[in-house]
Amino acid sequence: MPYALPDANRVHPITLPDGQPHLGTVFLRNVVDHPKLEVGDYTYASDFDPPSPSGWANHLAPYLFPMSQETLKIGRYCQIAHGVRFITSSANHAMEGLTCYPFPVFDPEQMIGFQPDTRDTVIGHDVWIGYGAMILPGAQIGNGAIIGAGAVVRGTVPPYAIVTGNPGTVVKKRFEQAKIDQLLELQWWDWPAERVAAAQKALQTGDVAGLR
């Protein structure tokens, strides 16, 4: 039979050989209902100690609140491993004063609108975020990037870069720039699911000409 992607509306997209769903992996869009968290189709998160289906947003982004002024945006076809955390801008304290102590959060009147950092965190399409990585406030991660296990990432990560370490450092690009430019032009993550499924071999073998 020709390859087909799983139903994008499934909660647990992986079926084990015994026919049971793998409960530790979810299509994230189908389990988050959070006004400040946007997730694209086919992006999955995995965890060895998964939360309840309704708890994934808080599990991955514990400082992202419904009243937060920032947004966490995650593209399509991303892969999020166990232990990944997104530390969003609501976690940051003001640093221009003599103390970083957040006095206003203890006063309901001052709390409204008090948020020293309001930067969005944006994860592109087809990004692999490895085991235990930490994504810091305002990070902008380009399409096709790989974030290594345990990396602590801030700032801007170019498309198809590989980042490791603390602080997260670009160690190399996955492909030569000409191939990266072609992939960014093709934007295969925006294709209909049937077209992506038909392109499986080209996607897995690095055949940009075949993909085109």
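The residues lining the largest pocket of this predicted model divide into 22 nonpolar, 7 polar and 4 charged. These belong to a lining of 33 residues, of which Gln79, Asp126, Trp188, Leu203 and Gln204 lie nearest the centre of the pocket, and the pocket itself has a volume of about 800 Å³. Several elements of secondary structure take part, since β1 (25-27), α3 (177-186), α5 (200-205) and α6 (208-211) each supply at least two lining residues. The largest share, 5 residues, comes from α5.

The second largest pocket holds about 390 Å³ of space. It is lined by 17 residues, and Phe65, Met67, Ser90, Val105 and Phe114 are the closest to its centre. The lining of this second pocket divides into 10 nonpolar, 7 polar and no charged residues.

Helix α3, one of the elements that contribute to the lining of the largest pocket, also has a buried set of residues, namely Lys179, Ile180, Leu183 and Leu186. Because these four cover an arc of only 130 degrees around the axis, they are placed on the same side of α3. What covers them includes β15 (169-173) and α6, and α6 is itself among the elements that supply at least two residues to the lining of the largest pocket. Beyond the helix, α3 is followed by Gln187, whose phi is positive, near 50 degrees.

Aromatic side chains form a further theme. The count of aromatic pairs comes to 7. In the pair of Tyr101 and Phe106 the ring centres are 5.7 Å apart and the planes stand at 20 degrees, which is under the 30 degrees required, so the pair is stacked. Tyr101 is partly exposed, with a relative accessible area of 46%, whereas Phe106 is exposed, with a relative accessible area of 57%. Elsewhere, Phe27, Tyr42, Tyr77, Trp188 and Trp189 form one aromatic cluster. Trp188 of this cluster is also one of the residues that lie nearest the centre of the largest pocket.

Backbone geometry deserves separate attention. Most residues other than glycine have a negative phi, and most peptide bonds are trans. Two tyrosines with a positive phi are set side by side below.

| Residue | Phi | Loop | Relative accessible area |
|---|---|---|---|
| Tyr42 | about 70 degrees | between β2 (37-39) and β3 (44-46) | 13% |
| Tyr160 | about 60 degrees | between β13 (156-157) and β14 | 2% |

Tyr42 is buried, its relative accessible area of 13% being under the 20% that sets the limit, and this residue is also a member of the aromatic cluster. Tyr160 is likewise buried, with a relative accessible area of 2%, and it lies in the loop that leads from β13 (156-157) to β14. On the other side of β14, the loop between β14 and β15 contains Pro167, and the peptide bond from Asn166 to Pro167 is cis, with omega near 5 degrees.

Within strand β14 (residues 161-164) is Ile162, which is buried, with a relative accessible area of 16%. Ile162 and Lys172 are 10 residues apart in sequence, while their C-alpha atoms are 5.6 Å apart in space. Apart from neighbours within four places in sequence, Ile162 is in contact with Ile146, Thr169, Val170, Val171, Lys172 and Arg174. The strand β15 (169-173), which is part of what covers the buried residues of α3, has Thr169, Val170, Val171 and Lys172 within its span, and these residues are among the contacts of Ile162.

A last site is Ala81, which lies in the loop between β5 (79-80) and β6 (85-86). Leaving aside neighbours within four places in sequence, Ala81 is in contact with Ser46, Ile129, Gly130 and Tyr131. The C-alpha atoms of Ala81 and Phe48, which are 33 residues apart along the chain, are separated by 9.4 Å.

Note on methods:
Residues numbered from 1 in each chain as written. Predicted model: local features only at pLDDT ≥ 70, side-chain atom pairs only at ≥ 80, totals over all residues. Heavy atoms only, no water. 1 Å grid on protein atoms, 1.4 Å probe; cavity = no way out; pocket = protein on both sides within 12 Å on 5 of 7 lines; lining within 4 Å. Points joined across faces, edges and corners; volume = space filled by probe spheres on them. Nonpolar A, V, L, I, M, F, W, Y, C, P; charged D, E, K, R; others polar. Buried < 20%, exposed > 50% of the residue type's maximum accessible area, 1.4 Å probe, protein only. Arc of directions from axis to C-beta. Contact = heavy atoms within 4.5 Å. Phe/Tyr/Trp six-rings, centres within 6.5 Å; stacked < 30°, edge-to-face > 60°.
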